[in-house]
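Got your viewer open? Let's take a short walk through this model, one selection at a time.

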Amino acid sequence: MPAVSTTLRVLAVSLAASLTVTGCQTLDDAGRALGRADLVNDLAARMDGALTGTWAADYRFAGGRTASIAQTQEPLRSSYTWSDGKITVTQEAVTRCEITGDRTACTVLPPELTAGKPSVLVYTEADKRGLVTPPAVMALLTEAALDPQAQITQSDTTVAGHHATCVDVRRSAGDFTTCVTTEGVLGSFTGTLDGTPTELTLTRYTETVDATAFAVPTGAGVVDRRPTVS
């Protein structure tokens, strides 16, 4: 699964190449197609670069729910926290926490190789729970770029005090709008993921990450399933 972001980037590059050699399009059509490919490449490169950075971001969903993403490179670790749980990946363990009412239960599992991008594994786990992740948004954007009927409009804005590039996508498979900051962080998303309408917005971004972002929630019950070392 660490190839998720790389796959998106390669697909975007392949898209640009295929559109360049297509001879049956009009000049206007070719211009629009190449614009889509360039935009996908740019946003994919930003997000891919962010997977190797140190930063923390807070988000707010429609309805008031919140979520947080944090990662550091020294040491390598990443976490995704939301109202019903938390997923943390470090070089020592993969920790999954589920919150039910006032009870938090965490399971600690052996570490997995992350190839310098522990956030990829975190995003994989988050995707399984229907949460919004940068790779999921990029997959939608890439699909839209491959759809000749899709209408993609680009704009610029500021999200949580950071410049962001936004795209508004109109297509038969489902409309969505998303913004990506200059730092490569997901700035906002409004659309449908896995059949569920979703809306979230970045509320805070910082390159200073508190170690508590990777800690087990206070008062949680913990089951450690890592093998004991004799």
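In which helix is confidence lowest in the protein chain, and in which strand is it highest? This is a predicted model, so start by colouring it by pLDDT. Select residues 4–21: this is helix α1, where confidence is lowest, with a mean of 38. Now jump to residues 103–109, strand β6, where confidence is highest, at 97. Widen the first selection to residues 1–34 and you'll find pLDDT below 50 throughout; in the model, this stretch has 34 contacts beyond near neighbours in sequence. Where pLDDT is low, the predicted coordinates should not be read in detail. For the protein chain overall, the mean pLDDT is 83, and 83% of residues reach 70 or more.

Next, show the whole chain as a cartoon. You're looking at 4 helices and 12 strands. The chain has 230 residues, and 46% of them count as buried. Take the contacts between residues at least 6 apart in sequence: 51% of them join residues at least 24 apart.

**Stop one: a pair of rings**

Select Trp 55 and Tyr 205 and show their side chains. Theirs is a tilted pair, because the planes sit at 35° with the ring centres 6.2 Å apart. Trp 55 belongs to strand β1 and Tyr 205 to strand β11 (residues 196–206), so this pair links parts of the chain 150 residues apart. Buried or exposed, these two? Both are buried. A search of the whole structure turns up 3 aromatic pairs.

**Stop two: a pocket**

Now select Ser 68, Ala 70, Ser 79, Thr 81 and Ala 213. Among the 18 residues lining the second largest pocket, these lie nearest its centre. The space inside is about 200 Å³. Add strands β1 (55–61), β2 (66–73) and β3 (76–82) to the view: each gives at least two residues to the lining. Try colouring the lining by residue type, and you'll get 9 nonpolar, 5 polar and 4 charged.

**Stop three: a loop**

Finally, select Asp 175, in the loop between β8 (162–170) and β9 (176–181). Its relative accessibility is 37%, so Asp 175 counts as partly exposed. Which residues does Asp 175 contact, leaving aside neighbours within four places in sequence? Show Val 169, Arg 170, Thr 190, Gly 191 and Thr 192 to see them. Then draw a distance between the C-alpha atoms of Asp 175 and Thr 192: the two residues are 17 apart along the chain, and the separation is 7.8 Å.

Terms used: Residues numbered from 1 in each chain as written. Predicted model: local features only at pLDDT ≥ 70, side-chain atom pairs only at ≥ 80, totals over all residues. Heavy atoms only, no water. 1 Å grid on protein atoms, 1.4 Å probe; cavity = no way out; pocket = protein on both sides within 12 Å on 5 of 7 lines; lining within 4 Å. Points joined across faces, edges and corners; volume = space filled by probe spheres on them. Nonpolar A, V, L, I, M, F, W, Y, C, P; charged D, E, K, R; others polar. pLDDT = per-residue confidence, 0-100. Contact = heavy atoms within 4.5 Å. Phe/Tyr/Trp six-rings, centres within 6.5 Å; stacked < 30°, edge-to-face > 60°. Buried < 20%, exposed > 50% of the residue type's maximum accessible area, 1.4 Å probe, protein only.
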